[in-house]
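Colleague: I am new to reading models like this one. Could we go through some of the terms together?

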Amino acid sequence: MAKRTRTARKPAEVARKRPGKQDRLKWWREARFGMFIHWGVYAVPAGIWNGKDVPGIGEWIMNRARIPVEEYAKLAKKLNPVKFNATEWVRIAKRAGMKYIVITSKHHDGFAMYDSKVSDYDIVDATPWGKDPIAALAKACRKAGIKLCFYYSQSQDWHDPDAMGNRWDFPDEEKKDFAKYIEEKVKPQLHELLTQYGPIGLIWFDTPQRITRAQSLMLKRYVHKLQPKCLVSGRVGHGVGDYDSMGDNMIPAGRVKGEWETPATINDTWGFKARDKNWKSVETLLHLLVDLASKGVNYLLNVGPTRLGVIPPPSVKRLDEIGKWLKVNGEAIRGTGPNPFPYELDWGRITQKRGKLYLHFMKWPGGKK
Ligand code: JFZ
């Protein structure tokens, strides 16, 4: 067939064209602000193992305390989130002015927080609660007009002998068949996640480690085959994702090329830790939101629900305050582009939209109060 130019294409053909990266990114760029939810079995020990504090982020407790697979699996029997309420979680996000939710469908501990048929190591089969919170969230998100997205740990899986990360139960690295794990766990679970819960906004892959470029590409293509509009995070590895993520609470020094997001904690952990009370102030959180928007970066702010399924009240309080601010000032964040000038201003930050500049004063010029 002769090569046709773009303009020669009939409108119907154009409409049928698979969405490209720019189409996929449209809602995400517009959103600017989302909710990260780190929720899993780690909410049970909540940072404490054998009566001792385990330093570091809560969802890493299995690794940090070198908890054997069998011991850790027993904790699932204590995950009974009777207070979980999907509508309430989505309401909290919506009230905060967040446009998407990224929830841990499977973190490094390998435990699926949805009804997975790949193994019994999931919230429906291994907990006394026995329900699928993701199904309830999908429904609540659809109703509220919030995009549901999934975090999925594709390289590290401390429960799987062939995956990366667990050297305390599976020390022999030579024996590990990573390709087998990808074929038999990762792909089937992605298939479930992308076929059972309606349209998904993005898959937040993480810690690519030793994954090959071919494997990263394969995963990205697999996601796009199942849901062409679903974004793939940069941490799928080898720079093949639709956008990139910075480190925790990281603020770039200026405008950045490409599409970026900063995931951030409200205290010092992602997964719930009973003793972490180091909550950031509303002012700090808002400054981060504005600062990131002025650099064209999305803000993905985390909450770590408890084993009962409750988002910690100090988080809710702060999110409500951010929501109040956004209700008045949302226009200056949502759908905006970065500061057009190649310098920062002493008194605050600038965002822009359709020929308008938005000046965010963090202090009065000249240092006046
Ligand atoms: C990863 C996870 O290991 C962690 O548990 C959490 O889910 C977080 C959101 O993501 O941790 C990282 C990974 C990469 C960076 C920082 C934290 N990084 O590139 O700076």
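Colleague: What is the bridge partner of Met35 in S10?

Modeller: In this predicted model, Met35 has Leu301 as its bridge partner in S10.

Colleague: What makes strand S1 (residues 33-37) and strand S10 (residues 297-303) a pair?

Modeller: Two strands need at least two bridges between them to pair. S1 and S10 are joined by five bridges, so they pass that test. They run parallel.

Colleague: Where do S1 and S10 sit in their sheet?

Modeller: The open sheet has eight strands in the order S7-S6-S5-S4-S1-S10-S9-S8, with parallel pairing. Strand S7 (231-232) and strand S8 (244-245) stand at its edges.

Colleague: Why is one side of S7 and of S8 left without a neighbour in the sheet?

Modeller: Each has a single partner strand, so one side of each stays free of a neighbour in the sheet.

Colleague: Which helix lies across S1 and strand S4 (100-106)?

Modeller: That is helix H5 (residues 86-96), which runs at about 150° to S1.

Colleague: Now the other sheet. How do you know that S11 and strand S12 (residues 348-353) pair?

Modeller: At least two bridges are needed, and S11 and S12 have two bridges, so the requirement is met. The sense is antiparallel, and Gly337 has Gln352 in S12 as its bridge partner.

Colleague: What about S12 and S13?

Modeller: Six bridges join those antiparallel strands, and Lys353 stands opposite Lys356 in S13. S12 and S13 form a hairpin with two residues between them. In the turn, Arg354 has a positive phi of about 40°.

Colleague: Let us turn to the ligand. Which residues come nearest to the ligand?

Modeller: Of the 13 residues around the ligand, those are His38, Glu59, His107, His108 and Asp206.

Colleague: What makes the Glu59 approach a polar contact?

Modeller: A polar contact is a pair of N or O atoms within 3.5 Å. An N or O atom in the side chain of Glu59 is 2.5 Å from an oxygen atom of the ligand, so the pair qualifies. A polar side-chain atom of His107 lies 2.8 Å from a ligand oxygen, and for Trp60 the value is 3.0 Å.

Colleague: How much of the ligand does the protein cover?

Modeller: The protein covers 74% of the 450 Å² of accessible area that the ligand has on its own. The residues of the shell divide into five nonpolar, five polar and three charged.

Technical notes: Residues numbered from 1 in each chain as written. Predicted model: local features only at pLDDT ≥ 70, side-chain atom pairs only at ≥ 80, totals over all residues. Heavy atoms only, no water. Helix = DSSP H or I, 4+ residues; strand = E, 2+ residues; numbered from the N terminus. Near = heavy atom within 4 Å. Polar contact = N/O pair within 3.5 Å; in protein donor to acceptor, adjacent residues only side chain to side chain. Areas by Shrake-Rupley, 256 points an atom, 1.4 Å probe, with all protein chains shown as cover. Nonpolar A, V, L, I, M, F, W, Y, C, P; charged D, E, K, R; others polar. Contact = heavy atoms within 4.5 Å. Axes fitted to C-alpha atoms, helices over the stretch in contact; angles between N-to-C directions.
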